[in-house]
Amino acid sequence: MLSNRQLFLLNTAQTSTTPRLIEIERAEGLYLYGPNGKKYMDLVSGFAVSNIGHRHPKVLEAIKAQTEKYLHITVYGEFIQAPQVLLATELVSFLPKNLNNVYFVNSGTEATEGAMKIAKKFTGRTNFIAAKKAYHGSTQGALSLMGDEKFKIPFAPLLPNIHYVDYNDVNQLSTVDQNTAAIVLESVQGEAGIRVPDIKYMQAVRKRCDETGTLLILDEIQTGLGRTGKLFAFEHYGIVPDILLTAKALGGGMPLGAFIASQEIMAVVKENPILGHITTFGGHPVSCAAALASLRVITTDGLMDTVEEKHQLFLQHLQHPEIKEVRGIGLMMAIELDSFERVERASKYCATNGVMIDWFLHHETALRLAPPLTITNEEIIAACNIIKAGINN
Ligand code: PLP
C-alpha cells in the first residue's frame, strides 16, 4: 500500500517542485501534530488564517450548531440565511459608515475579482493602478494586478490597462487620474516581505483618489481580523477605503471572503445586467457561523490589545548577529536574513525542532512570522530560541 506521502505526490496537484511534505494529523490552538505525535508551533497560522488558533472551541461550537440546521441551501443572494445576515451586520458594526454592505465569496482572490468588477461598473472607467510586489490572488483578474512579470507571462493575455507604481512612493501617485477606476493596495504589503507604508503615503493615496474620483480598494486579506493589532490595518492610517477586501482569517478556519463597500457602490451588481456577479457557495452558512464566532473572539476580551506587546516581545527575543532586521506591524513580521539558503536552512531546522515558519512569495531572504494572536509570552520566547538556533545552524 502506498503511503500518504506517495499518494500526495501522485494524486494531488503540486504547486511547486519542492513541497514541504510535512504530514499533519490534527491541530489545536497554536499547535499542529504529525502522525507520530510530533508537535509543531504554527508561527504562520496557515498563512494568516488561524488568528485565534486552530479549532477554537467557540468556532467548533458554532459550526456544530449550524450543521444541525442546514449546510448549502441555495446560491448566494436569494434566500435569507441567518448566518450571513448576522455576520454582515456584526462586521459592519465595526466599520466606518460607508462600509455597510458585504458581498460574501469563498476566498481572497474572489474578493479581489468582485471588487474590480464593481469598481469598473460604478466609475464607468477601465484603468487600474496596482503596486509592484503586490499579491491579490491567483485568478486572472487578481493576477493581472501583480507587478511581477515572471508570474504573469506564462498566463498572458491578462487584463489590460493596469499601471504599476512603487508601493509607498508618494511621487508616483500622479499616475492616478480621471481614467482610473481604482487603485488597489494592500494595507501592509505581505508577500513583498512585510512592507508597512508610511501614514503620509496612505493619506496621500486617499487624497489623490478623492481628487480624481478614483475608488480606493484596500486588500486586507492578510492584514485583517486583528493581525496588526486593529481589526483592519487601515485604522492605523486614519483613512477609509471605498472597498475593503477580506478573507483568510475571516472564516475562523473555514473558507470565506468578502468585499465590502457602500450600498451605493454595491448596487451596481444587481441590475444591468441582473445577476452580474453570482456565486454558488459564497457566504456558505457554516463558514459564516464560524466567522461570526471567530469575530466575537477577536473583538472581545482585549485580544487585539495584546498584539503590540507580543510584537515587542518578538523584537526583544529576536536579537541575533545574522538578523539584519525584524520588520512588521503587530503579529505580521519578517525576519530579514542575508540569503535564501539561510532562510531555507533555518526554516528546515525550525520544522525539525517543532516550529513552523515560512518565507514570502516575492521576497526570499526573510522568514515569515504570523502566529495566532493567542500565542502566549512563554510560547513566543520558546519559539524565538528555536528560530535563533535555526539561524545559527
Ligand atoms: N490578497 C492577499 C494580500 C493575500 O495575501 C492573498 C493570499 O495569500 C490573497 C489576496 C489571495 O487569497 P486566496 O488565497 O484566499 O485567494
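# A short walk through a predicted model

Let's begin at Leu30, which sits in the loop between strand S1 (26-28) and strand S2 (31-33). Before going further, please keep in mind that this is a predicted model. Is Leu30 buried or exposed? With a relative accessible area of 6%, Leu30 is buried, because buried means under 20%. And what does Leu30 touch, not counting residues up to four places away in sequence? There is a run of partners, Tyr40, Met41, Asp42 and Leu43, and then Pro372, Ile375 and Glu379 as well. One more distance here: Leu30 and Ser50 are 20 residues apart along the chain, and their C-alpha atoms are separated by 8.6 Å.

Now please turn to Ile335, in strand S12 (residues 332-336). Its relative accessible area is 0%, so Ile335 is buried. Leaving aside neighbours within four places in sequence, Ile335 is in contact with Leu318, Ile323, Glu325, Thr365, Ala366, Leu367, Leu369, Ile387 and Ile391. Take Ile323 from that list of contacts. Ile323 is 12 residues from Ile335 along the chain, and the two C-alpha atoms are separated by 6.6 Å.

Next comes Thr246, part of strand S9 (residues 243-246). Thr246 is buried too, with a relative accessible area of 0%. Which residues does Thr246 contact, once its neighbours within four places in sequence are left aside? They are Ala111, Glu220, Ile221, Leu225, Phe232, Gly257, Ala258 and Ile260.

Let me pick up Leu225 from that set, since its backbone deserves a look. The place of Leu225 is in the loop between strand S8 (215-219) and S9. Leu225 has a positive phi of about 60°, although it is not a glycine. At 2% relative accessibility, Leu225 counts as buried. Asn168 also is not a glycine, and its phi is positive at about 75°. You will find Asn168 in the loop between S6 and strand S7 (180-186). How accessible is Asn168? At 26%, Asn168 counts as partly exposed, because that label covers values from 20% to 50%.

While we are on the backbone, here are two peptide bonds to look up. A cis bond joins Ala156 and Pro157, with omega at about 0°. Pro157 belongs to the loop between helix H7 (149-152) and strand S6 (162-165). The bond from Asn272 to Pro273 is cis as well, with omega near 0°. Pro273 lies in the loop between H9 and helix H10 (285-299).

On to the ligand. Which residues are around it? Going along the chain, we meet Ser107, Gly108 and Thr109, then Tyr135, His136 and Gly137, then Glu186, Asp219, Ile221, Gln222 and Lys248. Ile221 may sound familiar, as it was among the contacts of Thr246. Some atom pairs are worth pointing out. With Thr109, the partner is in the backbone: an oxygen atom of the ligand is 2.8 Å from a polar backbone atom of that residue. With Asp219, the side chain takes part, and a nitrogen atom of the ligand is 2.7 Å from an N or O atom there. With Gln222, an oxygen atom of the ligand is 2.7 Å from an N or O atom in the side chain.

Finally, let's talk about empty space. Rolling a probe the size of a water molecule over the atoms shows where empty space is left. The second largest pocket has a volume of about 670 Å³. Of the 22 residues that line this pocket, the closest to its centre are Tyr76, Gly77, Asn101, Val102 and Tyr103. The elements that give two or more residues to its lining are helix H4 (82-93), strand S4 (101-105) and helix H9 (263-266). Which element gives the most to the lining of the second largest pocket? That is S4, with 4 residues. By class, this pocket's lining divides into 13 nonpolar, 7 polar and 2 charged residues.

What about cavities? The count comes to 1 cavity of 30 Å³ or more. The largest cavity holds about 30 Å³ of space. Its lining is made up of His72, Thr74, Tyr76, Gln81 and Gln84, together with Thr280, Phe281, Gly282, Gly283, His284 and Pro285. In this lining there are 3 nonpolar, 8 polar and no charged residues. Notice Tyr76, which lines the largest cavity and is also among the residues closest to the centre of the second largest pocket.

Thanks for listening, everyone!

Key: Residues are numbered from 1 along each chain as its sequence is written. This is a predicted model: local features need pLDDT of at least 70, side-chain atom pairs count only at pLDDT 80 or more; totals for chains, interfaces and linings use all residues. Side-chain values use heavy atoms; hydrogens and water are left out. Buried means under 20% relative accessible area, exposed over 50%, partly exposed in between (1.4 Å probe, protein chains only). Contact means heavy atoms within 4.5 Å. On a 1 Å grid over the protein atoms alone, a cavity is a set of points where a 1.4 Å probe fits but cannot get out, and a pocket is an open set with protein on both sides within 12 Å along at least five of seven lines; lining residues have an atom within 4 Å of a point. Grid points are joined across faces, edges and corners, and a volume is the space filled by probe spheres set on the points. Ala, Val, Leu, Ile, Met, Phe, Trp, Tyr, Cys and Pro count as nonpolar, Asp, Glu, Lys and Arg as charged, and the others, Gly among them, as polar. A residue is near a molecule or strand if one of its heavy atoms lies within 4 Å of it. A polar contact is a pair of N or O atoms within 3.5 Å; within protein, one must be able to donate a hydrogen and the other to accept it, and residues adjacent in sequence count only if both atoms are side-chain atoms.
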